[in-house]
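Open the model in your viewer and keep the selection panel handy. We will go from stop to stop, and at each one you will hear what to select and what is there.

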Amino acid sequence: MSGDEESHASSSTDASAYVATPYGLMSAAGRWYHIPEEGIREYAGGVLDHVSLDQLIRWADAWMDSPCTVTLWALPLLLWAVPLEWAVLAAVGVYCGWTLASPSFPGVGGVRVVSVLRNVYLQGGYYVATLSFLATAEQLAAVGVGLTAFVLFRWGIVGWTMRAALRSVRRRLYPLPVADQVLRGLIVRAALKYRVSVPQVDAMTSDILDNWGAQSESSSDSEEHPAS
């Protein structure tokens, strides 16, 4: 599929990928991207001739979910390859490491891969096959750990519990909110892929920070002066 065809298909099938607000975009997954729709269309330039804005938002959401995706695919292999305790520790390391590092390298090719791998039916089939194999090898403790991990990751419990612990580290690593860091990186890498210019990336960064600050101030005002 060509870039123009991809853009057309995305815009026709993914119309609900985000909701535009004065402070930015709220994705279907519930994430804030602190840049208004008009701003992205201005700054992304020719990128949107190849990839629709809906597709960019869906890709950004998929990359934000990639720590869960990568860890879910790695865990059964770890359970087979190393002792149970080491497999669990390694899985935690994979999750934390990917969570901290992945905002720095979102790319068109990588996000397409994780978009496929995050499919719940594909993951379910993978776990049925791998855990059945572990069961036939009488590694029942590993099967239990695998089933528990699958449920906790798919329900978002792991992400929720780890978010607070990793938030302060990510704030030191990245100048922007992580979702905005990912979206900005995808726009830049898509521009390189399709050989288009995005000369206003620095202006986009400034606007993200301004909107982030404005939204934070608005939230604080609402908390201090609740409606009667």
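Let us start inside this predicted model, where the count comes to one cavity of 30 Å³ or more. The largest cavity has a volume of about 40 Å³. To see its walls, select Trp 63, Met 64, Pro 67, Thr 99, Ser 102, Pro 103, Arg 170, Val 178 and Val 182, which line the cavity. Now colour helix H3 (53-64) and helix H10 (178-194): these are the elements that give two or more residues to that lining. If you colour the lining by class, you will find six nonpolar residues, two polar ones and one charged one.

**Zoom out to the whole chain**

Switch to a cartoon view of the full protein chain. It has 11 helices and three strands. Following the chain from the N terminus, you pass elements in the order α-β-β-β-α-α-α-α-α-α-α-α-α-α. How many of the residues are buried? Of the 228 residues, 42% count as buried. Turn on a surface and you are looking at about 12100 Å² of exposed area, 60% of it supplied by carbon and sulfur atoms. For a sense of how the chain folds back on itself, consider contacts between residues at least 6 apart in sequence: 74% of them join residues at least 24 apart.

**Select residues 18-33: the sheet**

Here the three strands make an open sheet in the order S1-S2-S3, with antiparallel pairing. S1 and S3 are the edge strands, each pairing on one side only. Strands of a sheet pair through backbone hydrogen bonds, so displaying the backbone atoms is a good way to look at them.

Begin with strand S1 (residues 18-21) and strand S2 (residues 24-27), which are joined in the antiparallel sense by four bridges. Together S1 and S2 form a hairpin, with two residues between them. Pick Thr 21, then look across: Gly 24 in S2 stands opposite.

Next, move along to strand S3 (residues 32-33). S2 and S3 also pair in the antiparallel sense, over two bridges. Which residue of S3 is the bridge partner of Met 26? Click on Trp 32, and you have found that partner. Before leaving, stop at the hairpin of S2 and S3, which has four residues between its strands; Gly 30 takes a positive phi near 90° there.

**Select the largest pocket**

Now for the open spaces. The largest pocket holds about 1100 Å³ of space. It is lined by 34 residues, and those closest to its centre are Arg 31, Met 64, Arg 163, Arg 170 and Val 178. You may recognise Met 64, Arg 170 and Val 178, as they are also among the residues that line the largest cavity.

Which elements should you colour? Helix H4 (66-81), helix H5 (84-101), helix H8 (140-154), helix H9 (157-173), H10 and helix H11 (201-224) each supply at least two residues of the pocket lining. H9 gives the most, with seven residues. Sorted by class, the lining of the largest pocket divides into 16 nonpolar, 10 polar and eight charged residues.

**Last stop: the second largest pocket**

The second largest pocket has a volume of about 220 Å³. Centre your view on Val 88, Val 92, Ala 149, Phe 153 and Val 158, which are the closest to its centre among the 14 residues that line this pocket. H4, H5, H8 and H9 each supply at least two residues of its lining. Which helix provides the largest share? It is H8, with five residues.

Finally, colour this second lining by class. It has 11 nonpolar residues, three polar ones and no charged residues, whereas the lining of the largest pocket includes eight charged residues.

How values were computed. Residues are numbered from 1 along each chain as its sequence is written. This is a predicted model: local features need pLDDT of at least 70, side-chain atom pairs count only at pLDDT 80 or more; totals for chains, interfaces and linings use all residues. Side-chain values use heavy atoms; hydrogens and water are left out. Two strands pair if DSSP finds at least two bridges between them. On a 1 Å grid over the protein atoms alone, a cavity is a set of points where a 1.4 Å probe fits but cannot get out, and a pocket is an open set with protein on both sides within 12 Å along at least five of seven lines; lining residues have an atom within 4 Å of a point. Grid points are joined across faces, edges and corners, and a volume is the space filled by probe spheres set on the points. Ala, Val, Leu, Ile, Met, Phe, Trp, Tyr, Cys and Pro count as nonpolar, Asp, Glu, Lys and Arg as charged, and the others, Gly among them, as polar. Buried means under 20% relative accessible area, exposed over 50%, partly exposed in between (1.4 Å probe, protein chains only). Contact means heavy atoms within 4.5 Å. Accessible areas come from the Shrake-Rupley method with a 1.4 Å probe; for residues, only the protein chains shown count as cover.
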